[in-house]
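Hi everyone, thanks for making time this morning. Let me put the model on the screen, and then I'll walk you through it.

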Amino acid sequence: TMSMPISGNVAFTAEDWSPVDASRVISGTPQSAAKVLYNSKDEKFCAGVYVCTAGKWKVSYSEDEFCTLIEGSVTLTHESGTAQTYSAPESFLIPAGFKGFWEPHGNLRKYFVIYEQGE
C-alpha cells in the first residue's frame, strides 16, 4: 500500500506550542511544537514536522534523527565544542548518543525521521 505524503505545511495551533524545558535553556525563551505524522507499529520509527523559535538549549539524543530544514537555520554544537550550522533546505543526521546544544536562529521548521533503537 502507498503511504500518505508528509507535508511541511502542517498547521500548528496555539495549543500545540510549549516552552522548551527551562532546565535545558541556555538563552532566549524558545517555544517548540511537533506533529508526528507517521509512527511504526512498534513505535521505534516515526516521522513528522517540528517547529521552534530562536534560543539555545541543551540536547541529548537517545535516538537517531534525520532532519531536512524547511525554513530557517540552526547551529548544532557538540559538547566537545565542534559546531555546524545548517540552513534550509539542507539535510543532516544527528546520531544516537549526541550531546550538545541546539540553537535555531529565528523561526525554524523541519521534517524529521526518528529511529529509537531502545533495548
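**Two sheets, two salt bridges and a patch**

Let's start with a single pair: V25 stands opposite W57 in strand 5. Before I go on, a word on the source: this is a predicted model, so local features need pLDDT of at least 70 and side-chain atom pairs count only at pLDDT 80 or more, while totals for chains, interfaces and linings use all residues. Residues are numbered from 1 along each chain as its sequence is written, and side-chain values use heavy atoms, with hydrogens and water left out.

When I say strand, I mean a DSSP run of E with at least two residues, numbered from the N terminus. Two strands pair if DSSP finds at least two bridges between them.

Back to V25 and W57, then. Strand 2 is joined to strand 5, residues 56–60, by two bridges, and these strands run antiparallel. What is the order of the five strands in this open sheet? Reading across, the order is 2-5-10-7-8, and the pairing is antiparallel. At the edges you find strand 2 (25–27) and strand 8 (83–87), each of which pairs on one side only. On average, neighbouring strands here are turned by 25 degrees against each other, direction ignored; the axes behind that value are lines fitted to C-alpha atoms, and angles run from 0 to 180 degrees between N-to-C directions.

Let's go inward from strand 5. Four bridges connect strand 5 with strand 10, residues 99–104, in the antiparallel sense. Within that pairing, S60 has K99 as its bridge partner in strand 10. Strand 10 also pairs with strand 7, residues 73–78, over five bridges, again antiparallel. If you want a residue to click on there, T75 has E103 in strand 10 as its bridge partner.

Now please rotate to the other sheet. Six strands make up this open sheet, in the order 1-3-4-11-6-9, with antiparallel pairing. Strand 1 (18–19) and strand 9 (91–94) stand at the edges with a single partner strand each, so one side of each has no neighbour in the sheet.

Strand 11 is a good place to pause. With strand 4, strand 11 forms an antiparallel pairing over eight bridges, and C52 stands opposite L108 in strand 11. With strand 6, the antiparallel pairing of strand 11 covers seven bridges, where T68 has Y111 as its bridge partner. Moving out to strand 9, four bridges join strand 6 to strand 9, and these strands run antiparallel. In that pairing, F66 has L93 in strand 9 as its bridge partner.

On to the charges. Side chains of opposite charge can pair when their charged atoms come close. How many salt bridges does a search of the whole structure find? The search finds two, counting a side-chain nitrogen of Lys or Arg within 4 Å of a carboxyl oxygen of Asp or Glu.

One is K35 with D16, where the closest N and O atoms are 3.4 Å apart. K35 lies in strand 3 and D16 in the segment before strand 1, so this pair ties together parts 19 residues apart in sequence. For accessibility, I call a residue buried under 20% relative accessible area, exposed over 50%, and partly exposed in between, with a 1.4 Å probe and protein chains only. K35 is partly exposed at 26%, and D16 is partly exposed at 26% as well.

The other is E65 with K110, with the closest N and O atoms 2.7 Å apart. This pair links distant parts of the chain, E65 in strand 6 (residues 64–71) and K110 in strand 11, 45 residues apart. Are these two residues buried or exposed? Both E65 and K110 are buried.

Next, the surface. I6, L37, Y38, F45, F66, L93, V113 and Y115 make a nonpolar patch of about 660 Å². Patch residues have over 30% relative accessible area and no salt bridge, and nonpolar side chains (Val, Leu, Ile, Met, Phe, Trp, Tyr) are joined within 5 Å; the areas come from the Shrake-Rupley method with a 1.4 Å probe. Strand 3 (31–39) and strand 11 (108–115) each supply at least two of the patch residues. Y38, in strand 3, is partly exposed at 40% relative accessible area.

Last stop: S40, in the loop between strand 3 and strand 4 (45–52). S40 counts as buried because its relative accessibility is 12%. Its side chain makes a polar contact with the side chain of D42 at 2.6 Å. A polar contact is a pair of N or O atoms within 3.5 Å; within protein, one must be able to donate a hydrogen and the other to accept it, and residues adjacent in sequence count only if both atoms are side-chain atoms.

That's my tour, and thanks for listening!

Notes:
Patch = residues over 30% accessible without salt bridge, like charges linked within 9 Å, V, L, I, M, F, W, Y side chains within 5 Å.
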